[in-house]
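Please look through the sequence and the model before reading on. The paragraphs below take the structure one part at a time.

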Amino acid sequence: MTEERDRDARHRARQEFEKRTVFTEIVNLFSLVGFLYGALDEELPFREAVRKQFEKPVCFYRTKLESNLLACLGGIAFLLYLFLLGTGILLLLYYRPTTAEAYSSVVEITNRVPYGWLIRGIHFWAANLMIVTVLLHMMRVFFTAAYRPPRDVTWVNGMMLLLFTFAFGFSGYLLPWNQISYWATTVGTDSMSAIPVVGDTLKYLVRGGDVVGQLALTRTFAFHVVILPALMLLFMVLHFLMIRRQGIADPL
Ligand code: HEM
């Protein structure tokens with residue numbers, strides 16, 4: 001009798017264990033938890049297994065870089081991106097993307113809108129600082145040879161982020177629609193024709209015609225406020241997921 005009860009209890013425990021194993025296997029396979037934090041501990045109840053993985057710190061293989069400001073450059077670039085997003089949304093409340101009104105709306109923001117000068121100033125400085133920070137971050141990654149496998153995908157992903165950062169600067173430059181932005185965009189798009197094979201098409205695509213006009217403003221505006229922020233966010237998420245999974249590279 002007791003033997004039978006023991007066997008039943010063992011059987012039930014075994015079934016319970018297998019159910020949990022299949023469940024955690026499914027979670028490992030189909031969720032980011034398994035991908036980011038490593039396979040879940042099958043011996044623990046599911047909630048505890050997830051908590052254990054979440055509490056794992058980003059792995060710094062040596063403490064040398066951990067306390068180094070250079071390891072913060074990527075994070076500072078991300079912080080600046082958030083500043084740009086916030087101030088950009090506020091600027092959107094007053095900016096008008098037409099050739100007739102763009103310039104006057106920017107003058108209005110600077111001189112009449114309460115704290116408009118401050119929001120515009122923060123947007124301007126954060127944009128410039130972000131370009132510098134991303135370049136410094138890239139140099140830090142290069143000189144610590146952190147681009148080597150298995151972080152080659154993170155590096156290529158980073159190159160896309162660099163490209164988007166430049167594209168942000170270029171597209172934002174035209175928006176005030178003043179003399180310097182008009183002629184800088186004219187020269188910038190003109191030099192696109194120097195790119196072999198696709199250069200002229202690219203120039204035409206950006207300008208939307210032969211000269212920089214309303215369509216060019218509409219397109220750079222769309223790029224600056226919708227397409228680039230979305231693309232950048234997507235590539236940043238991928239960047240961070242790779243870093244969370246692989247940890248920070250062992251410095252040379
Ligand atoms: C918007 C631009 C970018 C942001 C917000 C960003 C953010 C970050 C953050 C937060 C880290 C982890 C901490 C650190 O090492 O600083 C990191 C690491 C890394 N980033 Fe970036 N990054 C950007 C651009 C780039 C660029 C342009 C490259 C190279 C072309 C790059 C390649 C890498 C690599 C390879 C790592 C791993 C470094 C290691 O393991 O030591 N990133 N990034």
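What follows goes from the whole chain to a pair of helices, then to a single residue, and ends with the ligand.

This is a predicted model. The protein chain has 252 residues. It contains 11 helices and zero strands. Reading from the N terminus, the order of elements is therefore a run of α after α, written α-α-α-α-α-α-α-α-α-α-α. Buried residues account for 20% of the chain. Consider next the contacts between residues at least 6 apart in sequence: 63% of these join residues that are at least 24 apart.

One pair of helices can be examined in detail. The helices α5 and α7 pack with their axes 8 Å apart, at an angle of about 155°. An angle over 145 degrees counts as roughly antiparallel, so α5 is roughly antiparallel to α7. The residues of this contact between α5 and α7 comprise 17 nonpolar, six polar and two charged. The crossing of these two helices, α5 and α7, is left-handed.

Now turn to a single residue. L175 sits in the loop between α8 and α9, the latter covering residues 179-192. Is L175 buried or exposed? L175 has 21 other C-beta atoms within 10 Å. The cut-off for a buried residue is 20 or more such atoms, so L175 is buried. Leaving aside residues up to four places away in sequence, L175 touches A102, T220, F221 and H224. A216 offers a comparison of sequence and space: A216 and L175 are 41 residues apart in sequence, while their C-alpha atoms are 9.9 Å apart.

The last part is the ligand. There are 26 residues around the ligand, and G74, A146, G158, L162 and A249 come nearest. Which helices each supply at least two residues of this shell? They are α5 (73-92), α7 (116-143), α8 (152-174) and α11 (214-246). The helices α5 and α7, described above as a packed pair, are thus both among the contributors to the shell. The largest share comes from α8, with seven residues. By class, the shell holds 17 nonpolar residues, eight polar residues and one charged residue.

Methods: Residues are numbered from 1 along each chain as its sequence is written. This is a predicted model: local features need pLDDT of at least 70, side-chain atom pairs count only at pLDDT 80 or more; totals for chains, interfaces and linings use all residues. A residue is near a molecule or strand if its C-beta atom, placed from the backbone, lies within 6 Å of it. Helices (H or I, at least four residues) and strands (E, at least two) are DSSP runs, numbered from the N terminus. Ala, Val, Leu, Ile, Met, Phe, Trp, Tyr, Cys and Pro count as nonpolar, Asp, Glu, Lys and Arg as charged, and the others, Gly among them, as polar. A residue is buried if 20 or more other C-beta atoms lie within 10 Å of its own, exposed if 12 or fewer, and partly exposed in between; C-beta atoms are placed from the backbone. Two residues are in contact if their C-beta atoms, placed from the backbone, lie within 7 Å. Axes are lines fitted to C-alpha atoms, for helices over the stretch in contact, and angles run from 0 to 180 degrees between N-to-C directions. Angles under 35 degrees count as roughly parallel, over 145 as roughly antiparallel, 65 to 115 as roughly perpendicular and the rest as oblique. A crossing is left-handed if the near helix is turned anticlockwise from the far one by less than a right angle, and right-handed if clockwise.
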